[in-house]
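Trainee: Got a minute to go through this one with me? I'd like to start from a helix and work outwards.

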Amino acid sequence: MLVNAKEMLVKARENHYAVGHFNINNLEWTKAVLTTAQELNSPVIIGVSAGAGKYMTGMKTVAKMVKAMDESLGITVPVALHLDHGTYQVCRDCIEAGFTSIMFDGSSLPLEENLYRTLELTRLAHAYGMSIEAEVGAIGGTEDGVTADGEVADPEECRKIVDLGIDFLAAGIGNIHGIYPDDWKGLNFEALNRIKAATNNIPLVLHGGTGIPDDQIKHAIAEGVSKINVNTDCQLVFAAATIEYCKAGLADPTSENKTKGFDPRKLLKPGYEAIKAKVKEKMELFGSINKA
């Protein structure tokens with residue numbers, strides 16, 4: 001049974017570890033995340049972007065797939081199905097589809113409109129027993145075709161949005177989506193502490209978990225970050241493993257391996273195993289193993 005993310009993140013904050021949020025794009029990615037979480041006895045958040053949801057034919061399809069897989073695999077660890085960087089309408093779609101958690105990203109809107117929409121969605125999500133994440137201070141990089149420079153969130157704006165009753169907050173502290181440039185200055189921990197003080201120690205979210213040095217990840221967790229998003233890392237290892245399989249000629253239907261190697265299930269298996277290894281690596285770093 002899927003759960004909302006509030007309880008798992010409060011527990012993570014109180015015990016100084018972080019829950020991994022891993023984006024999915026298909027059945028293999030979903031299975032890899034679920035089975036690894038179960039094997040490591042770790043809570044986990046399955047993230048779905050608007051683009052990934054559209055690719056998988058809609059949020060209703062995604063919700064039904066994840067719920068059925070969770071049941072069929074006998075998963076017993078806490079699992080939340082969470083919308084990542086949703087617009088107002090996509091949030092409404094995910095509420096209707098049966099997600100257990102949503103993120104409303106109104107960071108590109110004027111503050112007053114962000115607050116108004118966040119309050120409306122917070123009330124609606126809580127009425128359905130769902131958790132909700134909000135964002136202030138745009139996270140840098142590109143997400144679903146929207147590009148923003150890394151920003152440091154204003155603590156007063158953070159306080160205003162937390163006062164609406166949200167469950168956890170994504171606040172920019174210099175982090176970005178995707179690959180970090182060589183001249184990246186690192187996370188701004190002074191800003192993180194100001195935000196933490198202004199928001200009554202609400203669980204904080206670190207987007208762009210790929211490329212942040214391990215010591216900065218651990219420092220952020222010690223300062224109250226309770227959820228860390230990982231996407232690009234999984235994309236990279238999945239692509240690399242699939243390419244390597246193809247380079248070996250195993251996916252060539254004209255080769256001597258055609259009776260076994262061209263099976264799409266075998267084509268996707270190396271990527272599946274690569275994601276499992278990456279999820280395990282991140283869960284170990286975040287300290288969430290045996291925390292379910």
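**A helix and its strands**

Mentor: Sure, and keep in mind that this is a predicted model. In helix H9, the buried residues are Gln-216, Ile-217, Ala-220 and Ile-221. They span an arc of only 140° around the axis, so they sit on the same side of H9.

Trainee: Which exposed residues does the face of H9 turned away from its buried side carry?

Mentor: Start with the general rule: an α-helix has 3.6 residues a turn, so residues three or four places apart point the same way. Exposed here takes over 50% relative accessible area. On the face turned away from the buried side of H9, the exposed residues are Asp-215 and Lys-218.

Trainee: And what covers the buried residues of H9?

Mentor: Two strands are part of the cover, S9 and S10. The chain also runs from S9 through H9 to S10, in a right-handed β-α-β crossover. Besides those strands, the cover includes helices H8 and H12.

Trainee: Which residue in S10 is the bridge partner of Leu-206?

Mentor: S9 and S10 run parallel, joined by 3 bridges. On another pairing, S1 and S10 are also parallel, with 4 bridges, and there Gly-20 stands opposite Ile-228. For Leu-206, the partner in S10 is Ile-228.

Trainee: Is S10 largely enclosed or open?

Mentor: Count the residues under 20% relative accessible area, the cut-off for buried. In S10, residues 225–230, that's 6 of the 6, so the rest of the structure leaves the strand largely enclosed.

How values were computed. Residues numbered from 1 in each chain as written. Predicted model: local features only at pLDDT ≥ 70, side-chain atom pairs only at ≥ 80, totals over all residues. Heavy atoms only, no water. Buried < 20%, exposed > 50% of the residue type's maximum accessible area, 1.4 Å probe, protein only. Pairing = 2+ DSSP bridges. Right-handed = clockwise from strand over helix to strand, strands pointing away. Arc of directions from axis to C-beta. Contact = heavy atoms within 4.5 Å.
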